[in-house]
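Trainee: I'd love a close look at one part of this protein, the open space on its surface. Could you then walk me through what surrounds it elsewhere?

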Amino acid sequence: MIVIGAPGSGKSTTSKQLAKALDAPRFSLDNIYWAAGDGRPIPDTEFVSTVDQITRGDRWIVDGVYKQVRSMAWDRATAILWLNYSFPRVYRQVMGRTFRWLRKKTANSRLTIREAFFHRHSPWFKVPATFRKLRREYRELFTNDVSSDRILIEHRTPAETQRLLDSLGP
């Protein structure tokens, strides 16, 4: 299963809850891609190889989908959940997460105020710049999916997602 959506839509949180409810291993593609540290991604060949191994398994949940592995993961997924929430919802969530990261200041969260608010990759700029583009890409992927075996689920609100999680049990 793949959980997709704009940055800040809740992919990681939702995939953790799904993994627990379905007793399936969960993999964060962000954590895999950025595992090199120092703000650098791992080499593409290593990233593709890792995702290839993960998605060959019988049961898995990944959150996010990078272009380098999109077709491979998509073709192997039995279900895709799109968290297609509104821009104000996503922006509010990503800003809340940014402030939590700034307060936390752990070893894994080296985010500075400059990076959080003034860098070209900051959520303040990244979310508005990518939201519509990703929405168009995901709509096209959903519209053009020809697999009769894959379940495509689009949620427009967190309440829909919560109902799905509740239906899976504790």
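Trainee: How much space lies in the second largest pocket?

Mentor: About 190 Å³ of space lies in that second largest pocket. Before we dig in: this is a predicted model, where local features need pLDDT of at least 70 and side-chain atom pairs count only at 80 or more, while totals for chains, interfaces and linings use all residues. Residues are numbered from 1 along each chain as its sequence is written, and side-chain values use heavy atoms, leaving out hydrogens and water.

A pocket is an open set of points on a 1 Å grid over the protein atoms alone, with protein on both sides within 12 Å along at least five of seven lines; a cavity is a set where a 1.4 Å probe fits but cannot get out, and lining residues have an atom within 4 Å of a point. Points join across faces, edges and corners, and volume is the space filled by probe spheres set on them.

Our pocket has 13 lining residues, and M1, D58, R59, W60 and T78 sit nearest its centre. By class, that lining holds seven nonpolar, three polar and three charged residues (Ala, Val, Leu, Ile, Met, Phe, Trp, Tyr, Cys and Pro are nonpolar, Asp, Glu, Lys and Arg charged, the others, Gly among them, polar).

Now to the enclosed space. There is one cavity of 30 Å³ or more, and the largest cavity holds about 60 Å³. Its lining is made of G5, A6, W82, L83, N84, Y85, F131, L134, R135 and Y138. The elements giving two or more residues to it are β4 (79–83) and α7 (123–144), with α7 supplying the largest share, four residues. Sorted by class, the lining has seven nonpolar, two polar and one charged residues.

So what is α7 like? Its 22 residues should span 32 Å at 1.5 Å a residue (1.5 Å times one less than the number of residues), and its end C-alpha atoms are 30 Å apart, which agrees. Still, α7 bends by about 35° at F131 (the angle between axes fitted to the seven residues ending there and the seven starting there). Its buried residues are P123, V127, F131, L134, E137, Y138 and F142 (buried is under 20% relative accessible area with a 1.4 Å probe and protein chains only, exposed over 50%, partly exposed in between). P128 lies in α7 too, but P128 is partly exposed at 34%. The C-alpha atoms of P128 and P7 are 9.9 Å apart, although 121 residues separate them along the chain.

Elsewhere, the structure holds nine aromatic pairs (Phe, Tyr and six-membered Trp rings with centres within 6.5 Å; planes under 30 degrees apart are stacked, over 60 edge-to-face, the rest tilted). Y33 and F47 make one edge-to-face pair, 5.0 Å centre to centre with 75° between the planes. That pair links Y33 in α2 (residues 29–33) with F47 in α3 (residues 44–55), 14 residues apart. F47 also pairs edge-to-face with Y66, at 5.2 Å and 70°. Y66 sits in the loop between β3 (61–63) and α4 (70–76), 19 residues from F47. Y33 and F47 are both buried, and so is Y66. Ring pairs join Y33, W34, F47 and Y66 into a cluster.

Zooming out, the protein has eight helices and five strands (DSSP runs numbered from the N terminus: helices H or I of at least four residues, strands E of at least two). Of its 170 residues, 40% count as buried.
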